[in-house]
Structure formats: structure tokens, C-alpha cells
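Could you walk me through this protein model, beginning with how one of its helices sits among its neighbours and ending with its charged pairs and a strand? I work at the bench, so plain paragraphs would suit me best.

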Amino acid sequence: MKRRLLYTVTCAAISATIIALVTTPAFAEQKPSMKKQNKKHVQEQPHPTFSWGSPGPSSPVLHPGSVKGAGMMEEPLNDIDTVIESTINDDVMPGAVTFVARQGHIVQHQAYGNAVLYQDDSGNELNDPISMNKDTIFDVASLSKIFTTIAAMKLYEEGQLKLDDPVANYIPEFSQNGKEHVTIRHLMTHTSGFTAWVPLYTIGDAREDRLQYVFEYPLDNEPGTTYTYSDLNMITLAAIIERLSGKRLDDFVKDNITDPLDMTNTMYNPPETLKERIAATEYQPSTNRGLVWGEVHDENAWALDGVAGHAGVFSTANDLAKLGHMMINDGQYGNVQILQPETVELLAKNQLPQFPGDEHGLGWEVAQGWYMDALSDTSAIGHTGFTGTSIVINRNNDTIAILLTNRVHPTRDTVSTNPARRQLARQVADAIPVSIPGKEDAWFAGYGDNENRTLTANVDLDEVTSVSFDTWFRIEQAYDSGTMEISEDGENWTSAGIEFTGSSDGWQSHEIQIPAETKHIRFNYQTDASTNGRGWYIANARLDNGTQLNFTSENWVRRNY
């Protein structure tokens with residue numbers, strides 16, 4: 001809704017910009033490489049307008065764009081190369097594709113490592129590995145759930161279903177074993193009471209047998225009383241879509257989402273002709289499938305003929321970004337309206353305030369720092385996939401960050417990709433500048449896990465004095481904190497009565513009374529074992545007589561963004 005007034009005005013200007021940019025050689029396709037990338041000249045000044053929380057108008061469509069035009073900083077984006085290459089070198093995954101866009105400007109899109117490397121789960125490599133490319137197609141695993149939810153909301157907009165209708169209204173056989181009060185909203189928010197998972201691939205002989213098994217399966221908990229992330233929810237939601245539309249889920253998604261968005265590389269059950277473009281997943285002797293490559297990895301989705309509500313979608317980074325940009329632009333991509341703005345707000349709004357830490361929209365996850373890291377806030381939506389995929393959309397900053405990996409190749413018994421997800425999000429967030437007040441640079445506490453970083457000034461106070469300063473912070477709520485402390489001897493510190501956590505929602509000015517005999521004042525930033533916010537800034541720190549505080553830093557840095 002917020003962009004409607006700007007939309008018509010910006011379309012023509014941005015279209016002209018897109019034409020110019022597309023013909024620019026700088027955006028020619030690059031061959032993937034594990035060699036160190038040639039770094040561009042680091043942008044020295046932040047964009048004067050498009051700072052954190054003020055992205056400006058967003059393009060109707062994605063297009064190759066400049067970092068400065070997106071209102072971002074180059075150096076953090078350049079460092080993504082090092083982050084991903086080191087992760088691959090640590091055997092977290094064989095390869096990856098990253099994609100970053102802001103305001104519709106594609107500012108980073110790169111491929112790393114290998115799409116197909118192993119021939120078995122013993123680590124034996126192929127003679128001719130296949131390198132990862134920007135257009136490599138991935139089994140996106142649980143990112144499929146957002147397709148299912150968007151598909152269901154198309155039916156919602158047509159008046160064919162209501163969110164608080166019982167599921168049994170659409171699947172009568174569902175109303176058994178305590179499930180008569182489960183609603184469609186319960187399915188979309190994982191509060192139905194279903195258990196997390198059952199081995200459907202061991203049940204029955206056909207897709208319909210397995211669906212009926214889900215419909216008859218009892219609940220673990222009363223509907224609405226617990227949050228349990230469950231594939232059974234989305235399997236059931238997909239069945240509702242199929243019964244109401246008369247189409248199988250893959251056909252409905254194609255007709256209503258991927259074709260209108262021109263997502264030509266997104267599909268269920270990709271044809272054999274595309275196999276060489278697809279990243280391999282797991283070697284599965286337990287299912288007698290061998291190396292799963294070009295077929296859905298998830299065993300239950302495989303047993304549902306590759307078309308399921310919880311898994312089954314194959315896609316590329318560029319295609320997924322179109323879906324993300326549609327969510328940023330209130331349901332519209334170019335001239336195509338996929339969803340109404342009010343529907344997008346429903347999808348992105350936290351539906352579970354009663355379950356702190358499990359914030360969830362309809363299908364989409366909300367403000368999950370464990371993979372969104374510094375991009376996480378109440379406007380951030382996204383999802384992850386078991387195969388090593390993730391998408392984060394910060395709607396407050398019109399920013400998309402996508403990481404696609406084949407971390408289950410050749411086995412799922414690998415270390416977590418969550419640190420890589422967090423680090424990518426951290427680099428992207430750090431590239432969005434914070435507008436610094438005044439002419440002086442600000443002190444920035446930086447990022448890191450298990451950190452204790454101090455910024456200390458020596459003073460000599462003979463009487464009670466006040467200290468004033470400006471601050472901006474987005475600190476992981478309750479887990480990380482910033483404090484102001486005072487000391488007479490530099491060894492024993494006490495709180496000055498102020499602590500920061502969560503978000504400042506812009507710059508704040510503070511004035512704190514400091515007792516006589518104080519010799520040292522410091523700002524202390526402490527973080528836990530994982531997840532950072534966008535950070536903590538201190539500027540314009542002065543005594544009440546106008547004297548500027550001169551700081552000694554332990555890992556704080558001076559910044560103009």
C-alpha cells in the first residue's frame with residue numbers, strides 16, 4: 001500500500017535505467033570460481049538518502065543495479081565471497097549460490113564451488129564434477145511451504161476458503177481423532193497440534209493412500225495450544241488446494257504463481273533434460289535411490305509423487321528473488337498482481353504473539369534471528385530448507401538475501417549451515433548504512449559472538465556532572481546488551497543506570513548524571529553465542545561543559561555509515 005503513489009511515477013524512470021544497465025558489460029555472466037574474486041573499489045561514502053529504514057522507492061521488477069543506487073556499501077557485499085568460500089573450504093557444503101537485492105537493484109549474485117561433486121556417501125568424488133552456476137537449479141526443500149501458502153491465499157482471495165474455517169469443511173475425513181477443530185490458520189501457523197513428522201514413505205502404495213494416512217492421523221496436542229513445526233500441516237493444506245481447485249498442487253502453482261511471475265526455472269519434478277543444471281543432494285541407500293539428483297530429496301515428498309505441500313519445489317536464486325520482490329511490492333511484480341496488499345500483510349504479520357521466539361506469519365517465518373541475524377526485525381520474513389536453502393526478506397529495507405546450498409550432498413550428516421546463513425544476512429545488513437547525525441563519524445561496536453567490547457574515556461570529575469550522547473542500536477533483544485558504566489579506578493565498574501537491548505527505532509539522545517570522583521566512563525557491548533543485530537552506535541558524547549569525550553577502543557571502530 002505504501003508504494004502505490006510512487007509506483008506509476010517510478011515505473012518509466014526505472015524502466016529506462018534497467019535498459020541502460022542490462023546493456024552494461026559489468027553485468028555480463030561470470031564463470032564461477034573458488035579463486036579469490038577481484039575486489040571492486042570500496043565505496044567511501046554512504047548514499048545520502050537511502051539509509052537503514054529509509055530505502056526509497058522500489059523498482060517494479062528486479063534488475064542489475066549499482067550498489068550505490070541501492071543505497072548500500074560495497075565492502076560488506078564484497079566480503080560475501082570470503083564468507084562463502086571459507087565455508088565451502090570447511091566442508092560445510094560443496095557449493096552455493098548467493099543473491100542480494102535492494103529496491104529491486106541486484107547488487108550481488110555469485111556462484112561458488114560445485115553443484116555435483118560426489119558419487120556416494122563415502123566422499124568419493126566424481127571424475128568430472130559439475131561447477132555451480134548462477135542459474136543452478138536447487139531442490140529448495142521447505143521453501144516449498146511458502147509456495148503452498150501463497151497458493152492457498154489465492155483461493156482465500158477468491159472467497160473459496162476462510163482462515164478460521166475447520167479443515168474438515170474441505171476434507172470431511174479429517175474430522176476424526178480430535179481434529180475437528182483444526183483450522184486452516186492452524187495449518188499455516190503450525191499450531192494444529194500435529195506431530196512434527198511421520199515416515200509417510202513407508203506407508204501404503206500410492207499418493208492417495210499416504211494422504212489419507214495424514215487425514216486420519218491423531219494430534220499430539222490440542223489445536224492452538226502449542227507451536228510444532230510440522231510437514232503434515234502443509235501436506236494437508238496442499239490437499240485443500242487440490243480439492244477446491246480441481247488441480248494438482250504443481251499445476252495450480254504453475255498457473256497462479258510461477259507462470260505469471262515468469263519463474264521459468266521453478267517447478268516440481270524437473271524433466272531429465274534439466275538434470276545437468278540441478279544441484280545433487282543426498283546419496284540415499286536406505287531408500288535404494290542412490291544419489292538423489294534431479295528428484296526431490298525429501299522422502300515423504302518423493303512418496304507423494306514429488307508434489308507435496310511441504311517440499312518438492314525446484315528453483316533458482318533469481319526466480320526465488322522474484323517471489324521475494326513480489327512480497328516487497330505489496331503483491332505485485334511488474335504489471336502482474338499476484339496477491340492483494342492486504343493479503344501480503346496477513347502473510348507477513350506475526351500470527352503467534354502467544355509463542356515468543358516462534359514468531360510466524362501465514363506460512364512465512366517472522367523475525368527469526370537464528371538465520372536472519374542482523375536482517376531480523378518485525379518486518380523480516382523468510383524460510384529455510386533442509387537441503388541448505390534460505391531466503392530472508394527485510395520489508396523495512398526492501399532487501400532480499402538468498403543463500404542456496406547443496407549441504408546434504410552427499411550426506412545429511414554435516415555441520416549446520418545456520419552460521420553461513422547468519423553471516424550472509426549479517427554482511428547484507430551491514431551493507432545498509434545507518435545515517436550518522438552531525439558531521440563527525442560515530443563509534444560502532446561491530447559484530448561477533450561471545451563478545452565483550454568496550455569504549456572507554458578517561459575523565460577527572462570533582463563534582464556531579466552530566467554526560468550526553470546520541471545512540472542508535474538494533475541489538476538482539478534480551479540476549480545481547482549495551483551498557484554505560486563508570487569507575488573510579490578503572491578496575492571496578494558499576495552501571496551508570498542505563499542499558500540498551502532491542503531496537504532504538506532511530507537515533508536517541510541521552511543525558512546521564514555521573515557522580516563526583518568518577519575517573520572512567522565506558523560503553524560495554526556484550527553478545528551471546530550466536531546472532532547479532534545491526535549493531536550499536538555512539539556519537540557526540542560530551543560532558544555538560546561541552547568537553548568532547550576522547551575514547552580508547554577495544555574493537556569498536558569509527559564509521560561514517
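The buried residues of helix α7 pack against four other helices: α4 (144-157), α5 (184-189), α6 (207-216) and α8 (249-258). Keep in mind as you look around that this is a predicted model. To find α7 itself, go to residues 231-245. Most of this helix is covered, with twelve of its 15 residues buried. The buried stretch takes in D231, L232, N233, M234, I235, T236, L237, A238, A239, I240, I241 and E242, so under the 20% cut-off for relative accessible area each of these counts as buried.

How does the length of α7 compare with what its residue count should span? At 1.5 Å a residue, its 15 residues should cover 21 Å, and the end C-alpha atoms are indeed 21 Å apart, so the two values agree. The two ends of the helix are worth a look as well. At the N-terminal end, S230 acts as a cap, placing a side-chain oxygen 3.1 Å from the backbone nitrogen of L232. After the helix comes G246, which has a positive phi, near 75°.

Now turn to the charged side chains. How many salt bridges does a search of the whole structure find? The count is 20. One of them brings together the side chains of R277 and D135, at 3.8 Å from N to O. R277 sits in the loop between β6 (267-268) and β7 (283-284), while D135 sits in the loop between β4 (125-131) and β5 (138-139), so this pair ties together parts that are 142 residues apart in sequence. Both partners are partly exposed: R277 has a relative accessible area of 27%, and D135 has one of 38%.

Another salt bridge joins the side chains of D250 and R248, with 2.8 Å from N to O. Is each partner buried or partly exposed? D250 is buried, at 14% relative accessible area, whereas R248 is partly exposed, at 32%.

A further pair is R395 and E345, whose closest N and O atoms are 2.8 Å apart. Here R395 belongs to the loop between β14 (389-394) and β15 (399-405), and E345 belongs to helix α11 (residues 341-348), so the salt bridge ties together parts that are 50 residues apart in sequence. R395 counts as buried, with 12% relative accessibility, while E345 is partly exposed, with a relative accessible area of 39%. Salt bridges can also link up through shared partners, and in this way E282, E299 and R412 are joined into one network.

Let's finish with a strand. Strand β17 (residues 452-458) is mostly covered, as five of its seven residues are buried. Which strands does β17 pair with? One is strand β23 (residues 520-526), which pairs with β17 in the antiparallel sense over seven bridges. If you would like a residue to start from, take R453, whose bridge partner in β23 is Y525. Another is strand β25 (residues 551-554), which also runs antiparallel to β17 and is joined to it by four bridges. For this pairing you can start from T454, whose bridge partner in β25 is E554. As you trace the strands, remember that in a regular strand the side chains alternate between the two faces of the sheet.

Terms used: Residues numbered from 1 in each chain as written. Predicted model: local features only at pLDDT ≥ 70, side-chain atom pairs only at ≥ 80, totals over all residues. Heavy atoms only, no water. Salt bridge = Lys/Arg side-chain N within 4 Å of Asp/Glu carboxyl O. Helix = DSSP H or I, 4+ residues; strand = E, 2+ residues; numbered from the N terminus. Buried < 20%, exposed > 50% of the residue type's maximum accessible area, 1.4 Å probe, protein only. Expected span 1.5 Å × (residues − 1). Contact = heavy atoms within 4.5 Å. Polar contact = N/O pair within 3.5 Å; in protein donor to acceptor, adjacent residues only side chain to side chain. Pairing = 2+ DSSP bridges.
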